[in-house]
Amino acid sequence: MAINSNGRIIHELSTNGAVFNNGNINETPQFASLIWEIYKWNGNHSFLNKYFPTIKKGLNWLMNENDANKNLFPDGFGMMEIHGLDSEMIDVASYTQKGFEDASLIAKVLNQDALSEDYKRISESLKRKINSDFWSEEFQSFADFIGTDSQALRLIDDAIVRADTLNKPWSVSELKKTKAYIQNNPSAESRPFVLHHNWVVNTPMEMKIADSSKAIKALKTAEIYTNPFGVFVTGIDRDESSDTGNESFKGSKSFSYTGAVMTLPTGVQAIAENNYGRPDKALSYLKKMTRSFSYAFPGSMYEVSPDYGMITQAWTIYSYAIPIIQQFFGIDPMASEKLVTIKPQMPGEWENVSLENVKIAQNSLSIHYSKLNDKVSFKISQLQPEWKVRIILPEGNYQVSGEILAQEDKGSSSFLLTGNEAEIISN
């Protein structure tokens with residue numbers, strides 16, 4: 001507030017109070033999602049009241065100051081800080097969609113129904129437009145950005161120099177082919193471009209915006225841009241043999257994002273795979289990321305995998321916590337209603353796992369999962385017996401021990417439980 005006063009969320013703040021970057025475009029809608037996510041876990045109504053004015057101002061700034069052509073896609077830098085890459089970015093569009101969706105839910109809780117409907121309308125329009133306007137069937141991927149031909153040609157020339165310097169002949173060839181296509185098929189209107197294969201093209205799957213058919217195609221494409229430690233930040237930096245071997249990858253001798261693999265894009269890919277019912281694929285990305293644990297700095301993972309950049313990053317926790325807690329174990333709380341929904345999707349190789357003492361407001365939840373042959377068991381315990389636990393399992397026949405309030409829809413595999421302990425076993 002001291003720096004911006006308009007709801008724009010800053011990007012970097014030093015410990016001495018100096019702000020280096022007043023905020024990239026993606027961070028303002030992400031703040032709305034942050035506040036909603038915290039509320040789901042703490043149930044604190046006054047917490048929403050405190051921060052919603054900032055969210056409203058931020059979303060107003062986002063759309064009124066950064067969307068010149070009023071097509072709902074804000075212009076400006078997102079997560080990829082590549083010079084010139086500041087038009088309509090795929091990650092900005094994705095996080096804006098999610099930001100308005102979550103802000104709509106906040107407004108509903110705060111009885112601002114008209115505003116909630118307005119935000120919901122924007123989020124639904126953005127979801128449709130991202131699936132139509134950003135998709136490239138040719139590349140089987142969402143585009144890096146929507147921009148003009150002149151902007152794309154400048155970026156291609158810079159990218160060719162980068163790829164050539166890194167000795168990536170496949171990238172140079174692809175970029176030159178794209179350049180020739182643009183020159184031979186000019187457009188007076190802005191259009192989507194796939195140039196860098198930046199990791200942010202996967203954000204529509206991370207936010208579960210992409211429709212299923214596009215998502216599966218894009219997830220398969222994303223597998224190309226990996227190495228043994230995870231996902232490349234910029235796909236054109238990938239070596240054609242980078243996904244072979246175990247520890248053959250070498251990063252820069254000095255700090256650089258060029259040629260970098262990071263825990264954030266790797267974790268995002270795990271989240272994206274889980275969103276479309278592919279937990280085995282998600283686990284494979286977590287295994288790649290885990291290869292760099294204690295690789296150079298004991299007890300931590302470097303910002304750039306496996307061993308350079310900053311020695312630790314908060315986003316690494318995001319890359320593990322969301323796939324494991326919210327997706328594999330499927331914990332989705334609504335603390336204000338004293339309700340926890342559990343919809344697990346376990347990797348096939350996990351046979352005996354547990355997650356213990358997960359804090360949700362004043363409650364604490366533990367889940368134990370075991371699988372033997374074709375039988376699975378879920379044991380659930382909680383500190384507060386009056387809380388309700390809704391568990392949604394794959395279709396099948398189950399035996400429940402403990403307090404069951406209801407089997408939601410006769411013959412369904414959705415159960416509403418209460419009490420301190422319950423166990424569900426498949427027959």
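Ala272 sits in helix α9, which runs over residues 263-275. The model is predicted. Ala272 is buried, because its relative accessibility is 0% and the cut-off for buried is under 20%. A second helix, α5, spans residues 149-165. Its buried residues lie on the same side, since they cover an arc of only 165° around the axis.

**Ala272 and its surroundings**
- Beyond neighbours within four places in sequence, Ala272 contacts Met205, Glu206 and Leu219.
- Met207 lies 65 residues from Ala272 in sequence. The C-alpha atoms of Ala272 and Met207 are 7.6 Å apart in space.

**Helix α5: length**
- Helix α5 has 17 residues, so at 1.5 Å a residue it should span 24 Å.
- The C-alpha atoms at the ends of α5 are 24 Å apart, in agreement with that expectation.

**Helix α5: buried and exposed faces**
- Buried in α5 are Asp149, Gln151, Ala152, Leu155, Ile156, Ala159, Ile160 and Ala163.
- These residues share one side of α5, because their arc around the axis is only 165°.
- An α-helix has 3.6 residues a turn, so residues three or four places apart point the same way.
- Arg154, Val161, Asp164 and Thr165 are exposed, on the face of α5 turned away from its buried side.

**Helix α5: cover and exit**
- The cover over the buried residues of α5 includes two strands, β6 (145-147) and β7 (191-193). Helix α6 (169-184) is also among the covering elements.
- Asn167 comes just after α5 and has a positive phi of about 60°.

Note on methods: Residues numbered from 1 in each chain as written. Predicted model: local features only at pLDDT ≥ 70, side-chain atom pairs only at ≥ 80, totals over all residues. Heavy atoms only, no water. Helix = DSSP H or I, 4+ residues; strand = E, 2+ residues; numbered from the N terminus. Expected span 1.5 Å × (residues − 1). Buried < 20%, exposed > 50% of the residue type's maximum accessible area, 1.4 Å probe, protein only. Arc of directions from axis to C-beta. Contact = heavy atoms within 4.5 Å.
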